[in-house]
Amino acid sequence: MTSITNITSMTSTPNANPSTVFIIEDDPLMAECISRAASRTLVSSKNNSSANSPTIKIFPDAISAINALSGRLPDLIILDILLNGPDGFTFLNEIISYTDTAKIPVIIVTSLNLSSENLIHYGVRTVLNKEAMTPADIQKAVRAALQSTEAYDVALEQPNSLIESSAHAR
């Protein structure tokens, strides 16, 4: 049986859609440490005026996380590469196969020597080395990934004046 841990903070978000973060990590202690650091970031970046709370879901393997993607999609995925069962690369290949999940930013936490430059195609925003990362590193990465997603969403909502002017000229 797959174990999924939900951690919901008491602090809320200003919009109707609170942040949801998936953590895919097979080491329960490491998952808890990542969760606490990410939770602090979500709590500190949210406005207390709404009844919605950010949510962090912890998955011990890629399969349970993939199954959970059929529900509400996360705003961010924090992913270990070396997992029991299918590894993190298998998970990344799966999520880029679909347009809705391909847009989700990913932070990789690993003991492998990886570069985020080689993983941009997978939506990887940052690679954190498990042996050297601190809670502050996790918080900085979460904040940056969520801000880059918000900027991307705003850009999509802005009208493209070149396309609109071409359409009106016809």
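This is a viewer tour of one predicted model, stop by stop.

**Before you click**

Residues are numbered from 1 along each chain as its sequence is written, and side-chain values use heavy atoms, leaving out hydrogens and water. Because the model is predicted, local features need pLDDT of at least 70 and side-chain atom pairs count only at pLDDT 80 or more, while totals for chains, interfaces and linings use all residues.

**Stop 1: the whole thing**

Show the cartoon. You should find 6 helices and 6 strands; helices (H or I, at least four residues) and strands (E, at least two) are DSSP runs, numbered from the N terminus. Along the sequence they run β-β-α-β-α-β-α-α-β-β-α-α. Switch on the surface and the accessible area comes to about 9,500 Å², with 52% of that belonging to carbon and sulfur atoms (Shrake-Rupley method, 1.4 Å probe; for residues, only the protein chains shown count as cover). Of the 170 residues, 39% are buried, where buried means under 20% relative accessible area, exposed over 50%, and partly exposed in between (1.4 Å probe, protein chains only).

Contacts here are heavy atoms within 4.5 Å. Among contacts with a separation of 6 or more, 72% join residues 24 or more positions apart.

**Stop 2: colour by confidence**

Colour by pLDDT, the predictor's confidence in each residue, from 0 to 100. The protein averages 78, and 71% of the residues score at least 70. Among the elements, strand β1 (residues 5-8) has the lowest mean, 34, and β4 the highest, 97. Now select residues 151-170: pLDDT stays under 50 there, and the model has 1 contact beyond four places in sequence for this stretch. Residues 47-51 also stay under 50, with 12 such contacts. Where pLDDT is low, the predicted coordinates should not be read in detail.

**Stop 3: strand β2 and its neighbours**

Select 20-24, which is β2. Of its 5 residues, 5 are buried, so the strand is largely enclosed by the rest of the structure. Look along the side chains: T20, F22 and I24 point one way, V21 and I23 the other.

Next, add the strands beside β2. Strands pair if DSSP finds at least two bridges between them. β2 pairs with β3 (residues 55-59) in the parallel sense over 5 bridges, with T20 partnered by T55. β2 also pairs with β4 in the parallel sense, over 4 bridges; there, V21 is partnered by L76.

**Stop 4: I78 and the cores**

Pick I78, in strand β4 (residues 76-80). How buried is I78? Its relative accessible area is 2%. Show what surrounds I78: beyond four places in sequence, it touches V21, F22, I23, I24, I34, A38, I107, V109 and V142. For a distance label, try I78 to A31: they are 47 residues apart along the chain, with C-alpha atoms separated by 9.6 Å.

I78 also belongs to the largest nonpolar core, which has 21 residues; I34, L76, I78, I107 and V142 touch the most other members. A nonpolar core is a set of buried Ala, Val, Leu, Ile, Met, Phe, Trp, Tyr and Cys residues joined through side-chain atoms within 4.5 Å. The elements giving two or more residues to this core are β2, α1, β3, β4, β5 (106-110) and α5, and α1 gives the most, with 6 residues. Hop to I107, whose contacts beyond four places include L76, I78, L128 and V142. A second, separate core of 19 residues includes F22, A62, L119 and Y122.

**Stop 5: the charged network**

The whole structure holds 4 salt bridges, each a side-chain nitrogen of Lys or Arg within 4 Å of a carboxyl oxygen of Asp or Glu. Select E25, D80 and K130, which are linked in a network of these bridges.

Start with E25 and K130, whose closest N and O atoms are 2.9 Å apart. E25 sits in the loop between β2 and α1 (28-44), and K130 in the loop between β6 (124-129) and α5 (135-157), 105 residues apart. E25 is buried at 2% relative accessible area.

Then move to D80 and K130, at 3.1 Å from N to O. D80 lies in strand β4, so this pair ties together parts that are 50 residues apart in sequence. D80 is buried too, at 2%.

**Last stop: helix α1**

Select R36 and E32, which meet in a salt bridge (2.8 Å, N to O). Both are in helix α1, 4 residues apart, which means about one helical turn between them. With 28% relative accessibility, E32 counts as partly exposed.
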